[in-house]
Amino acid sequence: QVSNAKPYVVEIYGDNGNREYTRDILRVTGLLDGEEVTFLVNHWPSRRGGEKASLPKREKAAEVMKGIYDEIRAENPNAKIIAMGDFNDDPVSPSITKVLGAKGDKERAKKEDIVDLMSTMFKKGMGTLAYRDSWNLFDQFFVTGTLIDTNKKYDSYKIFKTEIFSPSYLVSPEGQYKGYPYRMYGGDTFYPNGYSDHFPVYTVLLRTAK
């Protein structure tokens, strides 16, 4: 049951001083089986022009998202927040580790932390998209420490598991993209059986049944 929805503008400018428009961050708060949860939907600026040259744009998006976290938790320190989307950066990128300040260690998470649920996967070499035989993990979930249950009691909704969904039919079977996500378009080529150049990700919330 949605109680509040609000877009937050990510205001960025190019080297020439002109405004460059990118996607808003959408905040949606509501009740999930009676528990208040806020979802933040993201699609941060791309790496067009190069990773380093475009990084300040994603750092600005991270700054806006951090501000949303702070705004919500100023009202409710125990708020449960789940941010998701294509961040166009990896768990080790400065926008994530420095600006957003996300932590990768779920087992030591404090309720005030922002926890990156994909950090361990990335360290294992896993990813959601590939480029020149190198994997990136741009599709991520970030949650408040209030959603981490180190005691595994699940007396209220907590994160049970987070996965990359990559069954065989989502993997390109041949050609230059063999082993990569089975894309629908590659340059000017249309692959009628393709899906996307990113694998989907999902997270499961668990609560003890009463």
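A residue counts as buried when its relative accessible area is under 20%. In this predicted model, D89 has 0% relative accessibility, so D89 counts as buried. The briefing starts with the whole chain and then turns to this residue.

**Overall fold**
- The chain's secondary structure comes to 3 helices and 14 strands.
- A compact globule of 210 residues would have a radius of gyration near 17 Å, and the chain's 18 Å agrees with that.
- The C-alpha trace spans about 50 × 45 × 30 Å along its principal axes.
- Take the contacts between residues at least 6 apart in sequence: 62% of them join residues at least 24 apart.

**Surface and charge**
- Of the chain's 210 residues, 42% count as buried.
- About 11800 Å² of the chain is exposed, and carbon and sulfur atoms supply 50% of that area.
- Positive side chains number 30 and negative ones 29.
- The centres of these two sets lie 4 Å apart.

**D89 in its setting**
- D89 sits in a loop, with strand 6 (81-86) on one side and helix 2 (94-99) on the other.
- At 0% relative accessibility, D89 falls under the 20% cut-off and is therefore buried.
- The D89 side chain makes a polar contact with the side chain of S95 at 2.7 Å.
- The D89 side chain also makes a polar contact with the side chain of S93, at 3.5 Å.
- Beyond its neighbours within four places in sequence, D89 is in contact with R47, L55, R58, S95, I96, L137, F138 and Q140.
- S95 thus appears in both views of D89: as a polar partner of its side chain and among its contacts beyond four places in sequence.

Note on methods
Residues are numbered from 1 along each chain as its sequence is written. This is a predicted model: local features need pLDDT of at least 70, side-chain atom pairs count only at pLDDT 80 or more; totals for chains, interfaces and linings use all residues. Side-chain values use heavy atoms; hydrogens and water are left out. Helices (H or I, at least four residues) and strands (E, at least two) are DSSP runs, numbered from the N terminus. Buried means under 20% relative accessible area, exposed over 50%, partly exposed in between (1.4 Å probe, protein chains only). A polar contact is a pair of N or O atoms within 3.5 Å; within protein, one must be able to donate a hydrogen and the other to accept it, and residues adjacent in sequence count only if both atoms are side-chain atoms. Contact means heavy atoms within 4.5 Å. The radius of gyration is taken over C-alpha atoms; the globule rule is 2.2 Å times the number of residues to the power 0.38. Accessible areas come from the Shrake-Rupley method with a 1.4 Å probe; for residues, only the protein chains shown count as cover. Lys and Arg count as positive and Asp and Glu as negative; His and the chain ends are not counted. The place of a charge is taken as NZ of Lys, CZ of Arg, CG of Asp or CD of Glu.
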